[in-house]
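Visitor: I am new to this structure, and I would like to learn how to read its features one by one. Could you walk me through them?

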Amino acid sequence: MAQPTIVPDSAPRTGMPPLPACAILLQPVSHPELGEIRIDDSLFAIGRTEAPFVAYPPEIVADLSRRHARIFAESGTVYLADLDSKNGTTVNGVSAQQKITRLANGDEICFAGRLSYRVSLRQANAAPAHGAKLASLSLIPERNDLGLQPIVISRFPFLISKSDDSFARYRQDHPHQVNYLSRRHAHIFVKGGDPFIEDLGSTNGTFVNGKRLDEHAVPLHEGDVLAIGGHHFVYTLSLQQEATTLEPTVTRLDAAARASATGVAASVPLAGAAAMAPASTAGSAGGAGTAAAGSAADSDKTTFVAAAGSFLDIFCVDHGRPQEDEVNRDAQQAGGTAGQGAERLPGQQGGARGKLAVFAAELAQAFGGGERRLGLGEKWWRLPALAGALLTAAVLAYLANDPERELRGMLDDGEYARAATAAAGYLAQAPEQAQLRALGTEALLKAKVPQWQALLRARQFQRADAALAEMKQLARNNADVQPLLAELEWVGRLEQFVVARGGAEQPVLDGGVGADSAGIQRLLRQWDDDTLGHQQAFAIISSYVPEFRDQYAQALSHVRKLALLSGQQTKGGQDNGDQRQPPEVAH
């Protein structure tokens, strides 16, 4: 992968030190009548069809490329990336074409030789948070027969790349499909609190709801269908949001924040899917920093992206020409330009094909490529024998895969309880089989969680505990589902505790020194000690049982109210001269 070229400071320049957040002003030099451009987001697009340039007189912007350059802020530093524009970009008269240049206060930048601005960097005023903000974005595979994992992205930007483990992990099973992705295919970023996606000039395109993206970034919404490079990597989007109010955050229950809390113990409930708080950052090397969950179970089932990517890598210009095996003919025919051939695009086709149909289609495609592609030359007479051998191998592999086929059939027919029992039996013999564990996890959650939730809502806690014990028995050989059942157990214990004390908003019953206070601190500590684990388990369970989102939203509401109570008790003890503090919550 090409590395970004960053132009260093050639001489001392007057500028600002790195800022935690900065507002970027572009003050027009060549055309003062255009007015200044204020950039408050971390990414700003320059191109003749981008705002505000699209509204300028055509003769002024005619020489700008459609994807000319990007200005972005990262770690308090501002950069300019020229995107291999036709007529170039300069910084203080020095060419910045195909480079990433660090900007300083007072720099003069010029686009296409005729549109120049003076850079002014100012410290940004923190804007008050209102409404809800994006906590994470989940990509749920459209098809369940390809072995694709859901991807939960909680840090942005996220670079979609064939070299990122989110997709490279499928190279052994689907080498051609992974190859259809570009090294810098597209990226998902946040602008104004909302997620956007931008195609980075990929060979085989990026499609949202059947429409191929052009040079513009487009917003992403709940339920959108995202296809990357063709018909294989196709996902439905789910957005998780968190409330941004003055109440204690559920991501990390800070004791100081609780101690300063005043007023009524109130909480803004999260609605439906808006229940998951952002995951903690996990380090990663390269790309978007894909971080799998700590356990093998999570990494086998869901990919968690908990480390932000870098615009420095995203906007590094790569001049490599696509090889023949990197071009997806179907994607090219389906969307040579935006909007063409939408009826053939991913996310809009019929049901999933069977294994033999997929094999037959790929075999036909191989033969359709001609003798040169198969490397047979003049020995064309070997084609029938080769086809027969391949077909025989495919049938034998298919028949040897009976357990998976049987479980998939049960799941497709909605026989979840039967599938859960069958999966438990198969896993008793082969617990190392990842695909069986995945199917068993899906069957168990779909079969048992709705009943467990109903018992919990009805406050039949003993029966809910018995249902959970049955789930544990069925899952004794399935490592994937163990952390998920632990999450259900924690949610159940929280609900029982809140009901027993008469509600989460009730005042502390023992003055901060008895069982009620200790119970509150224990539950808060359990949340703080493994916040990321709670969030990951929630994402997986909700992907199979969507109604679990409501149960989890209620649990987080309980946590907020208990955290607020804990802060008020601490404050009250100090006001009364009482030096006794509740147990400290881990940070």
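Guide: Gladly! This is a predicted model, and a good place to start is a single side chain: K446 is partly exposed, with a relative accessible area of 25%.

Visitor: Which residue does the side chain of K446 meet in a salt bridge?

Guide: To read a salt bridge, look for a nitrogen of Lys or Arg within 4 Å of a carboxyl oxygen of Asp or Glu. Here the partner of K446 is E442, with 2.8 Å from N to O. Both residues sit in helix α13, which covers residues 434-457, and they are four residues apart, about one turn of the helix.

Visitor: Is E442 buried or exposed?

Guide: The idea is to compare the relative accessible area with a cut-off: under 20% counts as buried. E442 has 10%, so this residue is buried.

Visitor: Where else does helix α13 take part in a salt bridge?

Guide: Look at K448, which pairs with E470; their closest N and O atoms are 3.1 Å apart. This bridge links distant parts of the chain, since K448 belongs to helix α13 and E470 to helix α14 (residues 461-474), 22 residues apart. The two ends are set differently towards the surroundings: K448 is buried at 13% relative accessible area, while E470 is partly exposed at 38%.

Visitor: How far apart in sequence are the parts that R67 and E198 tie together?

Guide: First the bridge itself: the side chains of R67 and E198 meet with 3.8 Å from N to O. R67 lies in the loop between α1 (58-61) and β5 (69-74), and E198 in strand β16 (residues 194-199), so the pair ties together parts 131 residues apart in sequence. E198 is buried, with a relative accessibility of 2%.

Visitor: How many salt bridges are there by this rule?

Guide: The count comes to 18. Some residues are joined in a network, as with D465, K472, E489 and R493.

Visitor: Now for contacts. Which residues does S542 touch, leaving aside those up to four places away in sequence?

Guide: Setting such sequence neighbours aside helps you see contacts beyond the local stretch. In this case S542 touches F548 and R549. S542 itself is in helix α17, residues 531-544, and is buried at 2% relative accessibility. You can also follow distances between C-alpha atoms: S542 and L445 are 97 residues apart along the chain, yet their C-alpha atoms are separated by 9.5 Å.

Visitor: Let us turn to the backbone. Which residues are joined by a cis peptide bond with omega of about 5°?

Guide: The angle to read is omega, and the residues are F156 and P157. P157 is in the loop between β13 (151-153) and β14 (158-160). Another cis bond runs from A51 to P52, with omega near 0°. P52 is placed in the loop between β4 (43-46) and α1.

Visitor: What is the phi of D84?

Guide: For this feature, check the sign of phi and whether the residue is a glycine. D84 has a positive phi of about 60° although it is not a glycine. You will find D84 in the loop between β6 (77-82) and β7 (89-91), partly exposed at 35% relative accessibility.

Visitor: And where does N209 lie?

Guide: N209 is in the loop between β17 (206-208) and β18 (211-212). Its phi is positive too, about 55°, and N209 is not a glycine. With a relative accessible area of 40%, N209 is partly exposed.

Key:
Residues numbered from 1 in each chain as written. Predicted model: local features only at pLDDT ≥ 70, side-chain atom pairs only at ≥ 80, totals over all residues. Heavy atoms only, no water. Helix = DSSP H or I, 4+ residues; strand = E, 2+ residues; numbered from the N terminus. Buried < 20%, exposed > 50% of the residue type's maximum accessible area, 1.4 Å probe, protein only. Contact = heavy atoms within 4.5 Å.
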